[in-house]
Amino acid sequence: MDKNRWRDSACVYGYNVSTVKSNVITGKFVGNAGKFGFVVTDSLADIFIPPEKLNGAIHGDTVKCSVSKYSRGNRQEGQIVSVVKRGLPVLMGVFRTHKKKGGFVVPSEKKIPQHFTVAASSIKRLGLTSGHIVEFRVLLNGKVQVLGILGHQNDPGMDVFAMIRQSGVSYNFSDEVLAESSSLPNAVTFNDFADRVDFRDWNIITIDGNDTKDIDDAVSLTILPNKNFELGVHIADVSHYVLPGTALDKEARLRGTSIYLADRVIPMLPPKLSNGICSLNPNVDRLAVSCIMEIDETGTVVAHRLTPSVIHSRRQFSYDEVANILDTPQKSEQTEWHEHFANMNALAKILRNKREQRGALNFNIAESKIILDETGKPINIELRTANSATALIEEFMIICNETVAETAQKKAFVFRTHEPPDVEKMYQLSAYAQGLGYKLPISERGVSVKDLQTLAAKMDPTLEMIILRALKQAKYTTKNIGHFGLASDCYCHFTSPIRRYPDLMVHRSIKNPIRKRGLNDLCNHCSTTERTAESLEREVSQLKKVQFMSNKIGKKFNAVVSGITSWGFFVKLPNTIEGIVPLNTLYDYYEFLEKKMILIGTHSKIEIYMGMPITVRLTYASEKERTLTFAPAEKGLTF
């Protein structure tokens, strides 16, 4: 190879030629369902690897890659020289029989499109039959080692269980952890009252979803003689039972968070705690950490106190019950609670108004609830709607989290932070908004959250998603940099210690100073486990949506355009089910105008834009890739 040509190529593609000694680099291979992939490094642009040049590499592998002098579009092309290390040591897949080759495994991971042949000896030894879900590993030489059988793909819940195992999330608790939890008491004793304020005679209640079993928070409200509100937010004192260094604590730290899937919950803590002694169930004494706030008519916390406590919840309400009371005249059966909830609602509106005045972002993104039968099969997808009760609790938790965070400015602490968005993304958003007739003021420093809030208020929920995608993800940090989305100077997570480890750390810091050493690593770990949980929740939800739609091929649906790319556009149904419409299903050639986020027909001049209503027909449903493909059902767009 001409070294000067390599140097020229490296310069063109932005490589640091002073650090490139040859055209062989080491990086991570990121696979794709289309059987191609990319080699990713910290310092170089991604290298495109076509299907014929994978050389046995699969998604997640550390590889050596030979970089070609040729390019494909704007990407440098290469080929895999060798696999250094498998990135996914254990994989899940479905075993299938083959008339000639005996059998093979189809990986569950959608970024691994390859099928792997299983030796006849392994098939016989393990008694493999078509449809078995198996754990396996791919050795560096490409051979497959089947480690065991999890069950059959038709077994109830096995589809989700395989995804859980593939994600690496801890599922079952160890015997040591269960033994520790079983040794904990079933009830609060008088000895637990030491150094706690007794709030058992307060009018404390809980408000949660219909099927909630792990109740973190309870609330109380009193109107003071000066007409101010005395809001009490009482949070389960998990830190009393989960002590640092114990097996329970180590497992909770490892998990970082509970995971709520369509068909099950993977709790951070064993049920003895999460559904038992730590859950603020009604009509029993429970230990808590209480934040009592005096709030004036402007929504300002004029005084507060934080204290370990013991409480006794009077009643467990559901969101629907409270919303019904609030929305029904006082002749309701719940007359005794009407005034109480009316006062709570009045305070919630004051708090929300204050947040909106300072610029807090409130998105109305639709969420769904997946209804399953006893076998785990989806039978309906319902739109989950917020109501006055969910908004009420949201405001109480936000003001509590802010109040707690403000008490910890000068000590080791776990903050919940949200950085302002990148200026470049805001310029892109500003250009798109301008094309729709909206204005987003922007400078070199970025945008103000107030201006972003104003823009969001003008756009419908479909277009709000564009703003949401332009924002950074919130995370846990030891340094307080504020929370952009909430327009909050100081924020933390204090209200859910049963299901989030950072909240447990905040509780510990309230009682006693915590060590700063290692706290930053812990914040990074908890941010990572949160992303893992969100990804798994999203993937399982998408799988169930695909399963729900799989018998509806050919049917028509009303939808709106929810995303646009150079190769197609996404559509969303009213129940939040989403899929792709490839451009090759359209009769015209469409040009993608990225700044305006529209597709425009070369001959027809038809524009496809975000939020556009459209009727589509389902053409394909893939459980493997967890994708739905649609085609327009309207004249003028299709062949």
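User: Which residues touch the most other members of the largest nonpolar core?

Analyst: In this predicted model, the residues with the most fellow members in touch are Leu231, Leu273, Phe341, Phe396 and Phe494, out of 78 residues in that core. Helix H9, spanning residues 388-406, gives the most to this core, contributing nine residues. A second, separate core holds 48 residues, among them Ile381, Ile467, Val571 and Leu583.

User: What is Leu231 in contact with, leaving aside its neighbours within four places in sequence?

Analyst: With those neighbours set aside, Leu231 is in contact with Ser220, Leu221, Cys291, Ile292, Met293, Ile295, Leu347, Phe396 and Ile399.

User: Why is Ser279 described as buried or exposed?

Analyst: The relative accessibility of Ser279 is 0%, and the term buried applies under 20%, so Ser279 counts as buried. Ser279 is placed in the loop between helix H6 (271-277) and strand E17 (285-295), and, apart from neighbours within four places in sequence, Ser279 is in contact with Lys213, Asp214, Ile215, Leu273, Ser274, Arg286 and Ile498.

User: What makes E27 and strand E28 a pair?

Analyst: Pairing requires at least two bridges between two strands; four bridges join E27 to strand E28 (residues 598-601), and the two run antiparallel, so E27 and E28 count as paired. Within E28, Leu599 is the bridge partner of Phe592.

User: Why are strand E27 and strand E29 called edge strands?

Analyst: The open sheet has three strands in the order E27-E28-E29, with antiparallel pairing, and strand E27 (590-593) and strand E29 (607-609) are its edge strands, each pairing on one side only. Neighbouring strands of this sheet are turned by 20° against each other on average, direction ignored.

Note on methods:
Residues are numbered from 1 along each chain as its sequence is written. This is a predicted model: local features need pLDDT of at least 70, side-chain atom pairs count only at pLDDT 80 or more; totals for chains, interfaces and linings use all residues. Side-chain values use heavy atoms; hydrogens and water are left out. A nonpolar core is a set of buried Ala, Val, Leu, Ile, Met, Phe, Trp, Tyr and Cys residues joined through side-chain atoms within 4.5 Å. Buried means under 20% relative accessible area, exposed over 50%, partly exposed in between (1.4 Å probe, protein chains only). Contact means heavy atoms within 4.5 Å. Axes are lines fitted to C-alpha atoms, for helices over the stretch in contact, and angles run from 0 to 180 degrees between N-to-C directions.
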